[in-house]
Amino acid sequence: MAYPMYEVDWSVLPPDQNRRFNPAFNIATIKQVVNEAIERVAPVSVRMQTPTRLRDLIRQIRAARTAAEERSVVNKECAYIRSTFREEDSVWRCRNIAKLLYIHMLGYPAHFGQLECLKLIASPRFTDKRVGYLGAMLLLDERQDVHLLITNCLKNDLNSNTQFVVGLALCTLGAIASPEMARDLASEVERLIKSPNAYIKKKAALCAFRIIRRVPDLMEMFLPATRSLLTEKNHGVLITGVTLITEMCENSPDTLNHFKKIVPNLVRILKNLILAGYSPEHDVSGVSDPFLQVKILRLLRILGKNDAEASEAMNDILAQVATNTETSKNVGNTILYETVLSIMDIKSESSLRVLAINILGRFLLNNDKNIRYVALNTLLRTVHVDTSAVQRHRTTILECLKDPDVSIRRRAMELSFALINSQNIRVMMKELLLFLERSDAEFKAHCSSAMVLAAERYAPSSKWHLDTLFQVLLKAGNYLRDDTVSNTIQIISSAPGERQAYASQRLWISLERSAVCGDSTEKQPIIQVAAWTIGEYGDMLVSEASNAISMVDDDGIDEFVRPSEEYVIDIYQKLLWSTQLSITTKEFLLLSLAKLSTRFTTQPSQDKIRVIVDTFGSHIHIELQQRGVELSQLFRQYANLRPALLERMPAMEVVSTGERDDSDTEIEPAAPAHTTQPDQDALLDLIIGSEPLSNGDVEHAPPAANNNTTNDILDLLSGLDLTAPAQAPMGVMGAPITTPMSVANNNVSPLLDGLFTSPAPITQMQAPDTIVTALDRNGLKVELHVQRGGETATITMKAHSTADTAMSEFLFQAAVPRTFRLDMMSPSGSVLMPQGEITQLLKVTNPSKTPLRLRIRISYTIDGNPVLEQAEVNSFPTDLFN
């Protein structure tokens, strides 16, 4: 062995130069070898300090027991690295930069190494360039001035004769290119795409992909060279070419039309992959190059969307892939998943869509929870395309509601609601009620609201509708959304008399059970509904006529026993004396008890009610004290007014959203669709120039019952509810009714002021509607159909969707100036299906006859992404209120 000192340096050369006595040895290489030899043989007195190796630094940092000890090690090493950087010709620059990059990855500042990275990039040695380019990708960005100095080095290395150096330059350019750098070097990249070297060609294609993403204007430069990439035999070049074309098609409709001509080429490549025999170079678990197959399937999906001709050309190959792909391994499932997405996105045949949904059905039976989640998510996105095919897998979907994984249960719940229709409503609601009962708290609010909406839309009878609502109230407990309470009260109010009596008896069973069992704290929403209902229709509860009403439930059990007046009051007293119930619930009970004084006929009952009401005249809570004092006056000074003031409320207005086939009872108006109450802070953004508004003190209570607040913004928005929806029934029982969801401001006006003022009759408009387009954006069009009517104008909001997927959690909000009054009815739904429609009624009162200015905010979720749109509408007719 003649030259043992050279052995350590053969590995620093790239593979094509790793030979002894290679001419590629230059002065710099020889100089470093000599320096290393001197280090080994020179005396200690003249030997330079050898820097810590990277592996030793890593060991020291990992051995640190505290953060302070780690910082000490890092600071000491950084100080040494800074000192070595001051030397013009350091042979350890490469090692020091490598250590600095590790320190940077730990989160410590390493910006002082940027110029050293440039020196390594300018070095002729491959190992120096490799570490220098890596440092440039980690330490540089387009905000640094040093970033501009690297352009010339990149251009030189892009013209290098060594393919690995060219590859390094292309990788770095793709990672850190600024728009200016991309424009300067795009021509070099375009030239390299045409290179005969497959290694350089695929690197250049990926670099072009990154450049187009940063500067879309440069797309046309790469079009001629890109199409030729699909004729290559090398799979690496093919996959980068498909990736580049996919990016171009997603960014430009014109480019998309240009590349539709390559669909036959893609079909041919995909077919060759399927029919190809075993190839050890590309085989993954028995599948030939699954990565390339997935890329081609995704590109076919983009090219075939809304194009019947292109879709027809790829139908056969998609069917082949769907039927011939092995599903025992995860690789095959990946290809099948992309195939399903392609089938559902293009204009495929109906039989092919059924095949795709059946594949997703098989995914639901897979033991891998990730595959089950993907299947549920995909079915949720495509259920509107072929609902009948998805219905065949309804049993499997319902089984997923019992899955231990929370994400799978959530997706299964959302898909179950999407599958509900008038034919399966009974079966689906039965399963969902079981799910609601055993579900976690995070599911109860959303699930209960969706169940209320589904029951309102598809209820086969009014009796079933009421029973389902009561079951939801019972099982959801305090996690129920607040507006469900007021919606249920609206339904009972507008029901026929027989159904009102049935509701009071059914709710009495729940109220009595909660008081006796002591679990009323956990079921306050149903207690609020029961208190309102019994307060209104308590005479039906205790009369002998109640025996004629059938109370047999679905299990054939009749639990109702007609109570006496005294027993009803005792139950109320027990609940009112409870220290755990919220103030809002007690307000319901107290006013309901006062109303029962006009429903019950015996004098002992009257006296007992008066005593209970009197005790609240000294209650510690000011709201209950005020109610107690005012109601006590109705038993003394104003006893003659009590029957008239506490008479039964008129039926509330309910917006019906669907037809109901009610064969066993009278048809009642449908329940209002669920709407999420807007947050005050969110709606403040709708009003430009409004002064900051503050709420009154809010008493903290369980989730289902929020306390009354003084809300100044009600004056500005004129009737648009911003307080907790759980207060709505108090407004229903103790204040004028302005909207189905309105809340009385109990802290401002006394309880008896304007009690039970009848709403003004709505004048029927004969003039033709004026249509005002409020919003037309991202597949959503919102129109306002305006009807004139003196001081009050009726506006019907109609939201249309032209998107390909459903818009869930749809919420329409509106605000008007202070001089106007706005009443909003409940919307027809919260899910806007493709080509579907949601309507909502608005009533605007304008005593001053000034021009109407309306600010709207629309929020919804599409493909799992929340969207928020805002607009101002000023184009209403000037004579709208004349």
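The following conversation looks at the sheets and the largest pocket of this predicted model.

User: What makes up the protein in terms of helices and strands, and how much of it counts as buried?

Analyst: The protein has 36 helices and ten strands, and of its 882 residues 53% count as buried. Since the word buried is used for a relative accessible area under 20%, that share of the residues falls below this cut-off.

User: Why are strand 6 and strand 10 said to stand at the edges of their sheet?

Analyst: Three strands form this open sheet, in the order 6-9-10, with antiparallel pairing. Strand 6 (807-815) and strand 10 (865-873) each have a single partner strand, so one side of each is left without a neighbour in the sheet, and they are therefore its edges. From one strand to the next, the twist averages 15°.

User: How do you know that strand 9 and strand 10 pair?

Analyst: Two strands pair if at least two bridges are found between them, and strand 9 (residues 854-862) and strand 10 are joined in the antiparallel sense over nine bridges, so the requirement is met. As one example of a bridge, Ile856 has Ala871 in strand 10 as its partner.

User: What is the order of the strands in the sheet of five, and which of them stand at the edges?

Analyst: The five strands of this open sheet follow the order 3-4-5-8-7, and the pairing is antiparallel. Strand 3 (770-777) and strand 7 (821-824) are at the edges, because each has a single partner strand and so keeps one side without a neighbour in the sheet. Neighbouring strands here are turned by 20° against each other on average, direction ignored. Within this sheet, nine bridges join strand 5 (residues 792-801) to strand 8, the two running antiparallel, and Met797 stands opposite Gln840 in strand 8.

User: What is the volume of the largest pocket, and which residues are the closest to its centre?

Analyst: The largest pocket has a volume of about 1,400 Å³. It is lined by 48 residues, of which Ala806, Ser808, Glu809, Ser830 and Val831 are the closest to its centre.

User: Which elements supply the lining of the largest pocket, and how do its residues divide?

Analyst: Several elements supply at least two residues each, among them helix 19 (369-382), helix 22 (406-419), strand 6 and strand 8 (837-845), while helix 24 gives the most, with seven residues. The lining residues divide into 19 nonpolar, 20 polar and nine charged, with Gly counted among the polar ones.

Conventions: Residues are numbered from 1 along each chain as its sequence is written. This is a predicted model: local features need pLDDT of at least 70, side-chain atom pairs count only at pLDDT 80 or more; totals for chains, interfaces and linings use all residues. Side-chain values use heavy atoms; hydrogens and water are left out. Helices (H or I, at least four residues) and strands (E, at least two) are DSSP runs, numbered from the N terminus. Axes are lines fitted to C-alpha atoms, for helices over the stretch in contact, and angles run from 0 to 180 degrees between N-to-C directions. On a 1 Å grid over the protein atoms alone, a cavity is a set of points where a 1.4 Å probe fits but cannot get out, and a pocket is an open set with protein on both sides within 12 Å along at least five of seven lines; lining residues have an atom within 4 Å of a point. Grid points are joined across faces, edges and corners, and a volume is the space filled by probe spheres set on the points. Buried means under 20% relative accessible area, exposed over 50%, partly exposed in between (1.4 Å probe, protein chains only).
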